[in-house]
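Hello,

Here is the structure I promised to pass on to you. Please have a look at it first, and then read on for what I found.

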Amino acid sequence: MIKLLGFTNRIKKGGILLLLLGLIIIAGCKKDKDPVFDPGTNEFINDWVLDSMKVYYYWNTTLPKKPDYNQDPLRFFASIKNNADRFSQLLNADVPESYPRSLYSDFGVDLVNITASGSDQTLVRLSVPGSDGYVAGLRRGDKVTAINGVAVNSSNIGSLSESSLKRGSIVLQVEGVAAAYNINGYLKPNPVYTTQIWEKGNKKIGYIFLNNFDTKALNRLKEVFAGFKAQQVNELILDMRYNTGGEVSVAAALAAMITRANEDAIFLEYRGNANAGTQRHTFGEEITKLFRPLNYSQYTNLRLDINRLFILTGKHTASAAELLINNLTPHFPTVRIGEATLGKDMAEFELADHRTPPQVKGWVLWPLVFKVYNAQGQGNYTAGLPPDVLSDELAVLPLKQLGDPEETLTQLAISRITGVAKLGIRSSLARENQRKMFDSRDKDDLSVIPIRVTR
């Protein structure tokens with residue numbers, strides 16, 4: 001979450017307290033000819049949505065002049081969004097369909113179905129520490145034979161997953177395990193799932209799996225870097241293959257522990273519509289959005305004796321994780337291994353009705369507001385950030401555990417670090433004729449944690 005500088009002038013518009021970028025936008029105010037609707041109706045909610053987006057939305061000039069207000073809010077919102085907009089959200093806790101749900105979000109498990117040589121198999125790609133399944137012994141690489149008592153295949157895995165979400169639980173039968181795993185949910189753990197140190201000749205390699213940039217990750221990251229420094233780690237692998245983003249202030253703090261940048265160096269640039277303009281923020285400014293007062297030395301004192309960073313990526317690496325990758329580039333050498341990232345290169349902030357009582361009850365709007373760039377003006381990665389070394393983590397089965405030096409992406413990074421390609425190294429190419437038929441994390445990409453701005 002980012003607190004932007006320059007949001008100083010406050011005006012009342014449509015019942016929302018808008019913090020404008022140093023401007024009072026007269027054009028955004030209601031005019032006599034604008035339609036007036038009764039509070040509580042869909043038309044009133046839709047008018048509020050459109051009115052808000054006229055001021056802040058990145059593509060505000062493409063909004064329809066005469067929209068059809070006579071729709072339910074989700075349909076209306078979808079109808080006015082720009083075709084290039086994949087990530088703006090209109091949410092309501094009382095409207096379940098406004099929150100895309102997935103096996104990962106509800107049960108702490110990711111499943112993939114792949115076909116090869118005429119047969120298919122369903123695999124556990126991720127079992128989140130602390131989830132019901134993980135506690136019971138479910139692990140990455142396990143082969144799922146049945147879901148809710150039904151033999152699973154490429155044709156029915158989608159419907160079986162959806163029915164599990166509707167009923168609020170999932171039962172997985174795994175090959176070679178007698179008892180089924182009954183999974184009802186989980187408490188989200190610290191995003192730093194695992195860390196490792198490996199010695200390879202004169203190389204001492206640190207490994208961190210980081211699942212998101214939640215604020216509770218920062219203290220753990222500081223502990224890990226302190227431990228790595230005490231152990232004289234001189235190479236670092238940061239695994240963000242499933243990292244969906246989070247707080248940019250946490251990403252900036254992590255970057256400060258990696259780079260040689262001082263607190264006044266530019267970390268990122270925001271570019272908005274004509275109302276918002278362009279803003280450039282330093283490392284120090286970003287960190288102080290959540291952590292005050294700034295004590296920059298607490299990050300610089302943890303810096304390791306490394307000259308490059310290896311980053312493991314995938315198609316589900318998104319948002320603040322992509323921002324970190326892109327915005328490290330001007331300050332520190334990186335080597336990316338895996339697949340191209342998702343392509344979430346925009347920031348958004350929350351708009352809600354703060355009247356007492358609110359007339360737009362329950363609805364929260366998160367419109368895309370800014371494109372994000374690094375200190376050299378590099379950005380616009382809507383197609384994703386490409387890897388330096390292309391690799392499919394599903395190329396070699398069975399899947400190794402995250403944090404195992406023999407795991408496909410990790411082994412490739414280690415071979416680059418040591419300069420030694422181990423005999424029988426796990427291939428970076430996909431299996432011949434192998435196709436991925438189902439990926440439960442694809443639904444999470446629809447509601448990926450945004451680069452969120454606090455106005």
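Before the strands come up, one definition: two strands are said to pair if DSSP finds at least two bridges between them. Please also keep in mind that this is a predicted model.

First, the overall picture. The chain has 455 residues, and 56% of them count as buried. It holds 11 helices and 24 strands. If you take the contacts between residues at least 6 apart in sequence, 71% join residues at least 24 apart.

Strand 9 and its partners

I would start with strand 9, which covers residues 170-174. On one side of the story is strand 10 (residues 181-183), joined to strand 9 by 3 bridges, and the two run antiparallel. Within this pairing, V171 has N182 of strand 10 as its bridge partner. Strands 9 and 10 form a hairpin with 6 residues between them, and G176 in the turn has a positive phi of about 85°. Strand 9 also pairs with strand 7 (residues 143-147), again in the antiparallel sense and over 3 bridges. There, I147 stands opposite L172 of strand 9.

Is strand 9 largely enclosed or not by the rest of the structure, and why? A residue is buried when its relative accessible area is under 20%. In strand 9, 4 of the 5 residues are buried, so the strand is largely enclosed by the rest of the structure.

The open sheet and helix 10

Next, there is an open sheet of 6 strands in the order 11-12-13-16-17-22, with mixed pairing. Its edge strands are strand 11 (192-200) and strand 22 (389-390), each of which pairs on one side only. Inside the order, strand 13 (residues 235-239) and strand 16 (residues 309-313) are paired in the parallel sense over 3 bridges. I237 stands opposite F310 of strand 16.

Helix 10 lies across strand 13, strand 16 and strand 17 (334-338), and runs at about 145° to strand 16. Helix 10 (residues 320-328) also packs with helix 7 (residues 248-258), at an angle of about 35° and with the axes 10 Å apart. The crossing of these two helices is right-handed. V248, A251, L254 and A255 of helix 7 make the contact with A320, L323, L324 and L328 of helix 10.

Aromatic rings

You may enjoy the rings as well: the structure holds 11 aromatic pairs. In one of them, the ring centres of Y57 and W59 are 5.4 Å apart and the planes are at 65°, so this pair is edge-to-face. Y57 has 0% relative accessibility and therefore counts as buried. W59, at 14% relative accessibility, counts as buried too. Y69 and F76, by contrast, form a stacked pair, with 5.7 Å from centre to centre and 20° between the planes. Both Y69 and F76 are buried. Ring pairs also link F37, Y69 and F76 into a cluster.

Two arginines lie over ring faces. R139 is placed over the face of Y134, at 3.7 Å from the ring centre. R271 lies over the face of Y373, also at 3.7 Å from the ring centre.

That is what I have for you. Do write back once you have had a look.

Best wishes

Definitions and conventions. Residues are numbered from 1 along each chain as its sequence is written. This is a predicted model: local features need pLDDT of at least 70, side-chain atom pairs count only at pLDDT 80 or more; totals for chains, interfaces and linings use all residues. Side-chain values use heavy atoms; hydrogens and water are left out. Buried means under 20% relative accessible area, exposed over 50%, partly exposed in between (1.4 Å probe, protein chains only). Helices (H or I, at least four residues) and strands (E, at least two) are DSSP runs, numbered from the N terminus. Rings of Phe, Tyr and Trp (its six-membered ring) pair if their centres lie within 6.5 Å; planes under 30 degrees apart count as stacked, over 60 as edge-to-face and the rest as tilted. A charge sits over a ring if NZ of Lys or CZ of Arg is within 6 Å of the ring centre and within 35 degrees of the ring normal. Axes are lines fitted to C-alpha atoms, for helices over the stretch in contact, and angles run from 0 to 180 degrees between N-to-C directions. A crossing is left-handed if the near helix is turned anticlockwise from the far one by less than a right angle, and right-handed if clockwise. Contact means heavy atoms within 4.5 Å.
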